[in-house]
Every structure is written in C-alpha cells, then in structure tokens.
Amino acid sequence: MNAQAGADAPAFASLYAEVQQFYASHMQRLDSGAADEWADDFTQDGSFHPPTLPQPVRGRAALAAAVRDAHAGLRAAGEQHRHWHGMLSVTPQDDGSLHVRCYALVFATPKGGEPRPHRSCVCEDVLVREDGELRINRRTVTRDDMP
Amino acid sequence: MNAQAGADAPAFASLYAEVQQFYASHMQRLDSGAADEWADDFTQDGSFHPPTLPQPVRGRAALAAAVRDAHAGLRAAGEQHRHWHGMLSVTPQDDGSLHVRCYALVFATPKGGEPRPHRSCVCEDVLVREDGELRINRRTVTRDDMP
Amino acid sequence: MNAQAGADAPAFASLYAEVQQFYASHMQRLDSGAADEWADDFTQDGSFHPPTLPQPVRGRAALAAAVRDAHAGLRAAGEQHRHWHGMLSVTPQDDGSLHVRCYALVFATPKGGEPRPHRSCVCEDVLVREDGELRINRRTVTRDDMP
C-alpha cells in the first residue's frame, strides 16, 4: 500500500510504544502515591521545572518528597488525581536523547462526586536511556491557566 | 542513538499498537450501542467485574444485554457517552495472556450542551488470543468516586 | 507467548505509531496557532467537513484562514484550547489510503481558571501519503452535542 511507512519506521514505532508504556507506568505510580518508584523514573540528577516554583526540583530524593507531600494532601482531602499524558510528539535528538512534547491533563475525583478537569498542561521531557531503561533527565511543565 | 530500544522492542511495539487498536474499536462499539459486537470482544466465558455489582457479569449474552440496556437508557436521556481508555500499561504474562492496567474516562454530552466528565476509573483486563484476535477474558473496573 | 501478533503486525505497528505522532504534531500546531503548518498537514485540495457549515472548507489557504481566525478569537478571549485525538481506529484501504475513525475532545482553559471540556466529537479522516509524509485528504467531524 502506498501508505506504507519508511525504512526507519519500525525503529520509531518501537520507541513510540516504549515511551507510551513508560508514561503509563510513570503516571500510575504518581497517582497511587508510589513516590520512590516514580522518582526512580528520573535520572539521579533529574530535574522537574514546574511553573509554580522559581527553582526546579532536582534529584530523586527531592522529587519523591514532593510527590509524597502532594499525595498525603490528596488523601486527606479525599481526592483521587489521574494524570493523562497524551498527544506525544517524540523526537530523537542527535545526542541520543529523546525530546517529548505532550499534553497533560489532571482529573480530580472526590469520593462520592463526579470527576473534574483540574489542570491542563504542556509537558516537555528530555528522556535518556540508562541501564536499558528510559529515564527523565529534565522535565518542564507549563500550565494553560497561568500567564 | 543510545535511546535505541532492545531486541524485544519490535514485538512489544506490535502488541502495544494492537492493544490500542483493539480498545479503540471496542469502545467505539460500546458508545454506538453495538452491543453484540462489543460482547464478542470478550471470550465466550468472559467476565466483567464492575464496582457496582456483587457478582460479575459473565458470558457474551449477559454482557450484550447489559450494554443494550445502558444504551437504551442513554438514548432516552438524549446523552452520548464516550469511553476513553488510556495510559495503557501492558504486561505479557508467562501463561501467554496479557495484563493491561489502564485509566478509563467516560465523557457525557447532552444534546445542545457541553460535555462533562462522568466517570474516572481504573480498568484491569486479562487479554487472551483466540483465532488470532485479542479477546477479554476478565475485566475488573474500579471507580475513583467509590470508597 | 500465544498473545504474539501476526506476520503483518510490525507493519501495522509502524503505521499506528506514525499516525499517533502525526496527530500529536498536527494538534499541537492547531492549538499554538501555527495555521499554515497545520494546513500543510492536508493535501493541496484537502477538505474539512465540520458539522456547522453547509459546505466543507477546501484547500490549504482556506483551512489556514479558518484556523487563524479561530486562534485570534481565542487569544482575544484569553482562552487556550487543547485538542485531544484518541481511541484511534486505523484501517488501511485497498486504494492505499488510511481510514481513521477516532474521538476528539477539546479542552478550554481560561487564564486564572480551571479547564473545562468544550467539545466531544468523532473525527473521520482519510489519510494519504505524499512525498513520504502522511496528509489529510478529507476530514469529517461530528459533534456529540448536535442532533
């Protein structure tokens, strides 16, 4: 068929599926409060640049602590968050890393209530491979509601 | 590139794409009220464990009947539901089946109105292959709004 | 494993990943107001059949103009839209084109506010390959809120 993909298509498809599976596992860890496992998806010196802090959160210990705090707050409030990463644009870089630009939606559901969209964001990740596994070296998130 | 995937990556990518296509078709059948076609995506003895029933719904006839009833109710109410399955974590099992853990969102849109998130769920499926096709042997769904 | 995919599975996986990447880039262009780049994802004579117009929008110049107008309106209103295409059912056709039926959700986020679902749609695309790239030859969209 003339819609057939090019010679490098199988390699790209392998990467694309792996990135999707990586984010699925990564976000399921986040939403279940598995803070250390979530932080292990970053490199040792990985950084997270949220739009709400002047400095990035850097390193697995700090990343895990931030998630632990956030999850405790949600438990106390009786809310379940679900992070959806989607519309993944994956671009291999010359240095061997992967650049991912994607959308992120967070849905919040209170016990006994209906879910609501909580945040709409754009997430840009630099992924690298360590010991055969994808890891986040740098994450930058912007929020659609912020100027 | 050092982000290159391992030797089993093409096989995993094939499975991952097939599972995504399977769910797309499966949920489009559900939302269009194609109850029998939807039920045929289960094995003959397939079971669905919703959070709202003490016993699972078992077998294609019972599954199709449940969807037929639900769809008739939506038509009477003038609402269109859309089921989004995403953040798929797909894990091949030693017995040859696939375990999928994913998020599920249901959006409801009334005629003349704006869509609203209706349910946020976690879905765990055991998929098997029959006659070359993926089929659901067991589905377990939990709802984020329920304790 | 008996869940192993068939002989044509790698070719399908390559196409499926490419279509997902195509939509990610395409919708990111739309939401950032890159009207010409977005229109270039259509063939020269590509058409868009929205549910709100008696005639389709046809050709890249008209498509780009429509997006430029819509984006200017959103900027003036201080709203960011995000288009999510998902639940992609991709079917290669005998003539070499691809038929895609998928769901589309549009989320709208005002500055300083929470996101809300704005539209829930079904999108049917005919994709063809030109100069090695996927392009939309014909797009038909229906809205769940319209009769």
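## Worked exercises on strands, symmetry and empty space

Strand β4(A) is mostly covered, with ten of its 13 residues buried, where buried means under 20% relative accessible area, exposed over 50% and partly exposed in between, for a 1.4 Å probe and protein chains only. This is a predicted model, in which local features need pLDDT of at least 70, side-chain atom pairs count only at pLDDT 80 or more, and totals for chains, interfaces and linings use all residues. Residues are numbered from 1 along each chain as its sequence is written, chains are lettered from A and ligands numbered from 1 in the order in which they are written, and side-chain values use heavy atoms, with hydrogens and water left out.

**Exercise 1.** Determine which strands pair with β4(A), and in which sense.

*Solution.* Begin with the terms: strands (E, at least two residues) and helices (H or I, at least four) are DSSP runs numbered from the N terminus, and two strands pair if DSSP finds at least two bridges between them. Next, take β3(A), which pairs with β4(A) in the antiparallel sense over twelve bridges; here A:G86 stands opposite A:Y103. These two strands form a hairpin with five residues between them, and A:G96 in the turn has a positive phi of about 95 degrees. Then turn to β5 (residues 116-130) of chain A, which is joined to β4(A) by eleven bridges and runs antiparallel to it, with A:L98 opposite A:L127. The hairpin of β4(A) and β5(A) also has five residues between the strands, and A:G112 takes a positive phi near 80 degrees.

**Exercise 2.** Work out what relation links chain B to chain C.

*Solution.* Superpose the copies by least squares on the C-alpha atoms of residues with pLDDT of at least 70 in both. Chain B is then laid on chain C with an RMSD of 0.0 Å, by a turn of 120 degrees and a shift of 0.0 Å along the axis. That is the relation of a three-fold axis. In chain B, the C-alpha nearest this axis belongs to B:A13, at 3.7 Å from it.

**Exercise 3.** Describe the largest cavity and the second largest cavity by volume and lining.

*Solution.* On a 1 Å grid over the protein atoms alone, a cavity is a set of points where a 1.4 Å probe fits but cannot get out, a pocket is an open set with protein on both sides within 12 Å along at least five of seven lines, and lining residues have an atom within 4 Å of a point. Points are joined across faces, edges and corners, and a volume is the space filled by probe spheres set on them. There are three cavities of 30 Å³ or more. The largest cavity holds about 460 Å³ and is lined by 26 residues, of which A:Q20, A:H85, A:G86, B:Q20 and C:Q20 lie nearest its centre. Its lining divides into 17 nonpolar, nine polar and no charged residues, where Ala, Val, Leu, Ile, Met, Phe, Trp, Tyr, Cys and Pro count as nonpolar, Asp, Glu, Lys and Arg as charged, and the others, Gly among them, as polar. The second largest cavity holds about 70 Å³, and its lining includes A:W84, A:L105 and A:F107 from chain A. By class, that lining has nine nonpolar, no polar and no charged residues.

**Exercise 4.** Characterise the largest pocket.

*Solution.* The volume of the largest pocket is about 980 Å³. Its lining comprises 34 residues, with B:L30, B:F48, B:A70, B:H81 and B:H83 nearest the centre. The largest share, seven residues, comes from α3(B).
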